[in-house]
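Morning, everyone. I have a few residues to walk through. Please bring up the sequence and the structure.

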Amino acid sequence: MVDPKNIKIVFTDIDGTLYSHVTKRVPPSASRAIKELQKKGIKVFLCSGRNYYLIRKSGVLNECKPDGLVTMNGSNAIIENTIIYRKPIPSEVVDKMVMLAKRLKFGLTLIEENEGHINLIDDRVIHAHEQYGTRFPQPRTYPDHYDRVVYQMIAFIDQWEEDLIAPQLHGCKTARWDEYAVDIMLEDSDKAKGIESVLTYLGLKPEEALSLGDGNNDAEMLRFTGISVAMGKGAEKAKEAADIVTDDIDEDGWANAFKKLGLID
């Protein structure tokens, strides 16, 4: 772990890290901590599996004003409303997933830059969204060839089905976030890659960055940045990748991490 005094930028996951699904908001202590960091010249970026539309709908942007966003598990990076990095999924891979969803009849969300679409809503889709307090899009019928740009997919399947389907999606990897939901993204696309694009754009080094997360999809960024923090009730994969483990989000874990590191009072 590098010296905390060298940190110039922070990348934080949203769900379960900065945004509580118990209180349905950002803890006030975290909002204050973000302002204090920014006053000291440390930039704060949100780094989420959500796209911009879903980040905005969560209400997080009403409680903090980030300096930028890394969205859709690192496949987009946004600074001052300008997309500086894009990493879409090839259309043939999307079409293969659409075909599998139709034949096996499972829910499939296709996530674009500012929209998300789903093919059907069943008990698994409802279960996963209820766990995170998110809304699902209006169902629509997917054409066999999906002619829109997709950056991430969410399959509402269990682990057994994932083990059957994943080998057929060449060049892709998965990150499970619910018993019945798994993110699907490119093998060479993750939050660390999105963070790297921001650091390159701003002329910063990984050693000057700090990341916070709680999920399986946060492991790459936690290993990539100079300092990394896992939340108290985070996934074991996240904790193993992190330098330190802080308290739970609802125990002011986000702010407490920066106090422990001496970055805020």
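First, a cut-off: buried means under 20% relative accessible area, exposed means over 50%, and partly exposed is in between. Keep in mind that this is a predicted model.

Start with Arg-86. Arg-86 sits in strand β5, residues 82–86. Its relative accessible area is 46%, so Arg-86 is partly exposed. Now look across to Gly-74. The two are twelve residues apart in sequence, and their C-alpha atoms are 8.7 Å apart in space.

Next, Thr-23. Find Thr-23 in the loop between β1 (9–12) and α1 (28–39). Thr-23 counts as partly exposed because its relative accessibility is 44%. Compare its position with Lys-40. Along the chain, Thr-23 and Lys-40 are 17 residues apart. Their C-alpha atoms are separated by 28 Å.

Now to Glu-112. Is Glu-112 buried or exposed? Glu-112 has a relative accessible area of 7%, so this residue is buried. Glu-112 is placed in a loop, the one between β6 (107–111) and β7 (116–118). What joins the side chains of Glu-112 and Arg-148? A polar contact of 2.8 Å.

Last stop, Glu-251. Glu-251 belongs to the loop that runs between β13 (244–245) and α10 (253–260). With a relative accessible area of 49%, Glu-251 is partly exposed. Which residues form a negative surface patch with Glu-251? They are Asp-247, Asp-250 and Asp-252.

To recap the two glutamates: Glu-112 is buried, whereas Glu-251 is partly exposed. Glu-112 has a polar contact with Arg-148, and Glu-251 is part of the negative patch. That's my tour.

Terms used: Residues numbered from 1 in each chain as written. Predicted model: local features only at pLDDT ≥ 70, side-chain atom pairs only at ≥ 80, totals over all residues. Heavy atoms only, no water. Patch = residues over 30% accessible without salt bridge, like charges linked within 9 Å, V, L, I, M, F, W, Y side chains within 5 Å. Areas by Shrake-Rupley, 256 points an atom, 1.4 Å probe, with all protein chains shown as cover. Salt bridge = Lys/Arg side-chain N within 4 Å of Asp/Glu carboxyl O. Lys, Arg positive; Asp, Glu negative; His and termini not counted. Charge placed at Lys NZ, Arg CZ, Asp CG, Glu CD. Helix = DSSP H or I, 4+ residues; strand = E, 2+ residues; numbered from the N terminus. Buried < 20%, exposed > 50% of the residue type's maximum accessible area, 1.4 Å probe, protein only. Polar contact = N/O pair within 3.5 Å; in protein donor to acceptor, adjacent residues only side chain to side chain.
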